Amino acid sequence: MIEGGRFAGTSVSAMANSIPRSELAPGYEISRLIKGGWQLAGDHGPVSLDEAPNDMAAFVEAGVTTFDCADIYTGVEAAIGRFRCLYPGLAKRVRIHTKFVPDLMALGEIDFGHVARSIDRSLQRLGMERLDLVQFHWWDYAKPGYVETALQLERLRNEGKIAHIGVTNFDTERLAQILAAGVSVIAHQLQYSLLDARPENGMVEFCRKRGIGLLCYGTVAGGFLSDRWLGKTEPAQLPPNRSLTKYKLIIDEFGGWDLFQELLQALRAVADRHDCDIATVASRATPLRVMRT
């Protein structure tokens, strides 16, 4: 964790050397630990966007050089843009993964101009000439146009406004359709953790065979997979926090609070052997599951 701009208990230089890296595509390397941006969009507790650039700088200095955001995360692309202005040296080391998420009510009516304007807006907010990775999301498969929209992103990639294309929260059938249409997808961002193994129902193997990297979110379940919740009774009411609300439902689907506590106890035993915390074990476990599946 970060305290006062430094990782508690660990020097920044030591942490920077220990963050593993991965090549998503030839010449495109990222830190395997990605700094998310959803919590900066509100509904997760107090947010100081003035302090956000300093926090981002601390992560980069510690070796976490890949940031995740989205065009629909209110203020987050602009906050990363401010970081890039204030810390131009550190910004050169950073990969930024944003998302193109068309409005639910606009699905089926999206043309190239709509997509191009959205990408231009992200470029302007982030202060970039080319987006590193755009992750495409489609709310409702019953609404036509997701393949055509993905092809419009591919056109913008060929024009030089996007370096790489990814998807987020797609199912296997629709991802296969996008690939068959000729869209160059290098990554799939999806929920995958010790509590949620749905990607093992075909998606992991599908992506492995096609060289598509998995960018997994929810690996610590919004903080539930941590020492903070070990031995705690099931809360009757959660704080007004979007992540806790979302992941409490995942715990319920996993098997309930008692089974969740058994998992935390098992993770604590592993953490004791490695002199670390539960969240670290939970984060490390997900890529290991990918390798074994």
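Is strand 7 (residues 131-136) largely enclosed by the rest of the structure or open, and how many of its six residues are buried? In this predicted model, six of the six residues of strand 7 are buried, so the strand is largely enclosed by the rest of the structure.

**Strand 7 and its partners**

Strand 7 pairs with strand 6 (residues 95-100) in the parallel sense, over four bridges. One pair of bridge partners is F100 and F136, the latter in strand 7. Between these strands the chain passes through helix 5 (residues 112-126), and this β-α-β crossover is right-handed.

Strand 7 is also joined to strand 8 (residues 162-168) by five bridges, and these two strands run parallel. Here Q135 stands opposite G166 of strand 8. Together with helix 6 (residues 146-158), strands 7 and 8 make a right-handed β-α-β unit.

**Helix 7**

In helix 7 (residues 172-180), R174, L175 and I178 are buried. Viewed down the helix axis, the buried residues fall within an arc of 100°, so they line one face of helix 7. An α-helix has 3.6 residues a turn, so residues three or four places apart point the same way. The buried residues of helix 7 pack against strand 7, helix 6, strand 8, strand 9 (185-191) and helix 8 (203-209). After helix 7 comes G182, with a positive phi near 105°.

**Nonpolar cores**

In soluble globular proteins, nonpolar side chains tend to be buried together. The largest nonpolar core of this model has 53 residues, and those with the most contacts inside it are F83, I119, F136, L153, L175 and I178. Helix 5 gives the largest share of this core, six residues. Leaving aside neighbours within four places in sequence, L153 is in contact with F100, V115, I119, V134, F136, I162 and I165. A second, separate core has 20 residues, including F224, Y247, I278 and V281.

**Two loop residues with positive phi**

Most residues other than glycine have a negative phi. The table lists two residues other than glycine with positive values.

| Residue | Phi | Loop between | Relative accessible area |
|---|---|---|---|
| A221 | near 50° | strand 10 (213-217) and helix 9 (242-254) | 1% |
| D275 | near 55° | helix 10 (257-274) and helix 11 (278-292) | 73% |

Which of these two residues is buried, and which is exposed? A221 is buried, because its relative accessible area of 1% is under the 20% cut-off. D275 is exposed, because its relative accessible area of 73% is over the 50% cut-off.

Note on methods
Residues are numbered from 1 along each chain as its sequence is written. This is a predicted model: local features need pLDDT of at least 70, side-chain atom pairs count only at pLDDT 80 or more; totals for chains, interfaces and linings use all residues. Side-chain values use heavy atoms; hydrogens and water are left out. Buried means under 20% relative accessible area, exposed over 50%, partly exposed in between (1.4 Å probe, protein chains only). Two strands pair if DSSP finds at least two bridges between them. A crossover is right-handed if, with the strands pointing away from the viewer, the path from the first strand over the helix to the second runs clockwise. The arc is that of the directions from the helix axis to the C-beta atoms. Contact means heavy atoms within 4.5 Å. A nonpolar core is a set of buried Ala, Val, Leu, Ile, Met, Phe, Trp, Tyr and Cys residues joined through side-chain atoms within 4.5 Å.
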